[in-house]
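Open the model in your viewer and keep the selection box at hand. Each stop below says what to pick and what to look for there.

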Amino acid sequence: MERYAGPGDNRVNEPGNNQKEVIRVKYHSEEIQRLAYIDGKSDWVDLRSAEDVQLKKGEFRLISLGVSIQLPAGYEAVLVPRSSAYKSFGIIQTNHMGVIDETYCGDNDIWRMPVLAVRDTHIQVNDRICQFRIQRHQPRLVFEEVQQLENQDRGGFGSTGRQ
């Protein structure tokens, strides 16, 4: 495996020119399973509760995910609930989607999921409650004001699939 040179460059070149990004992870719990892809299912990575949590309906909690992560330079992570989080645990992520940039990378910058319980619930250590993926930062944008966009209207917000 060949590492690229340069500060903050975490790329690895594997045989066959299969480039991958290296993400450094500090685990704050020996109890939680280590991060891994679920082969063949998705390119999202599941995150697990690092604490045993009892919530009553209407209660808010920042649930520790038990990891601090150093993302590659130029990347950010998108943190969202697993599709089963609402059904299985009766929780919703209060900010609906978390964005974590690469500057949140210290030993004590522990990732957490802000949740609101919609029913009484119990979340155990190692329960998979959310997932993340990384993406490159958006390129610098320039905004041009116009009087018309000169495109056909699609039908308004919420019109997809309507005849």
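Select D43. With a relative accessible area of 39%, D43 is partly exposed. This is a predicted model. Now add R133, the salt-bridge partner of D43. The closest N and O atoms of the pair are 2.8 Å apart. R133 is also partly exposed, at 28% relative accessibility. Where do R133 and D43 lie in the chain? R133 is in strand β14, whereas D43 is in the loop between β4 (24–27) and β5, so this salt bridge ties together parts that are 90 residues apart in sequence.

**Strand β5**

Step along to β5, residues 45–48. Show the side chains. V45 and L47 are on one side, D46 and R48 on the other. Are these four buried or exposed? All are buried, and both faces of β5 are covered. The general pattern is worth recalling here: in a regular strand, side chains alternate between the two faces of the sheet.

Next, colour β14, residues 128–136. β5 and β14 run antiparallel and are joined by four bridges. Pick R48 and look across: its bridge partner in β14 is R128. Keep R128 selected and add D46 and R82. A network of salt bridges links D46, R82 and R128.

**The four-stranded sheet**

Widen the selection to β5, β14, β9 and β11. In that order, these four strands form an open sheet with antiparallel pairing. At the edges stand β5 and β11 (98–101), each pairing on one side only. Turn the view along the sheet: from one strand to the next, the twist averages 30 degrees.

Zoom in on β9 (75–81) and β11. Four bridges join β9 to β11, and the two run antiparallel. For a single position, pick E76. Opposite E76, in β11, stands D101.

**The core**

Now hide the cartoon and show nonpolar side chains. How many residues does the largest nonpolar core have? The count is 25. Select L47, L65, I91, W111, I129 and F132, the residues with the most contacts inside this core. Among the elements that each supply at least two residues of the core are β5, β9 and β14. Also on that list are β6 (53–55), β8 (67–70), β12 (112–117) and helix α1 (85–89).

Centre on W111. What does W111 touch, leaving out residues up to four places away in sequence? The list runs L47, I63, S64, L65, G66, V67, I69, L71, A77, I100, Y104 and F132. Of these, L47 was picked earlier on β5, where it is buried.

**The three-stranded sheet**

Move to β7, β12 and β10. They form an open sheet in the order β7-β12-β10, paired antiparallel. β7 and β10 (91–93) are at the edges with a single partner strand each, so one side of each has no neighbour in the sheet. Here the twist averages 40 degrees from one strand to the next.

Look at the join between β10 and β12. The two strands run antiparallel, with three bridges between them. Select I92, then L116 in β12: the two stand opposite each other.

**Two more salt bridges**

Stay with the edge strand β7 and pick R61. R61 forms a salt bridge with E51, with 2.7 Å between the closest N and O atoms. E51 is in the loop between β5 and β6, while R61 is in strand β7 (residues 60–64), and the two are 10 residues apart. R61 is partly exposed, with a relative accessible area of 28%.

Then go to E30 and R34. Their side chains meet in a salt bridge at 3.4 Å, N to O. Which is exposed and which partly exposed? E30 counts as exposed, at 71% relative accessibility. R34 is partly exposed, at 38%. Across the whole structure, a search finds five salt bridges.

**Zoom out**

Finish with everything shown. The protein has one helix and 14 strands. Of its 163 residues, 31% are buried. Switch on the surface: the accessible area is about 11500 Å², and 46% of it belongs to carbon and sulfur atoms. Last, draw the contacts between residues at least 6 apart in sequence. Of these contacts, 70% join residues at least 24 apart.

Notes:
Residues numbered from 1 in each chain as written. Predicted model: local features only at pLDDT ≥ 70, side-chain atom pairs only at ≥ 80, totals over all residues. Heavy atoms only, no water. Core = buried A, V, L, I, M, F, W, Y, C linked by side-chain atoms within 4.5 Å. Buried < 20%, exposed > 50% of the residue type's maximum accessible area, 1.4 Å probe, protein only. Contact = heavy atoms within 4.5 Å. Salt bridge = Lys/Arg side-chain N within 4 Å of Asp/Glu carboxyl O. Pairing = 2+ DSSP bridges. Axes fitted to C-alpha atoms, helices over the stretch in contact; angles between N-to-C directions. Areas by Shrake-Rupley, 256 points an atom, 1.4 Å probe, with all protein chains shown as cover.
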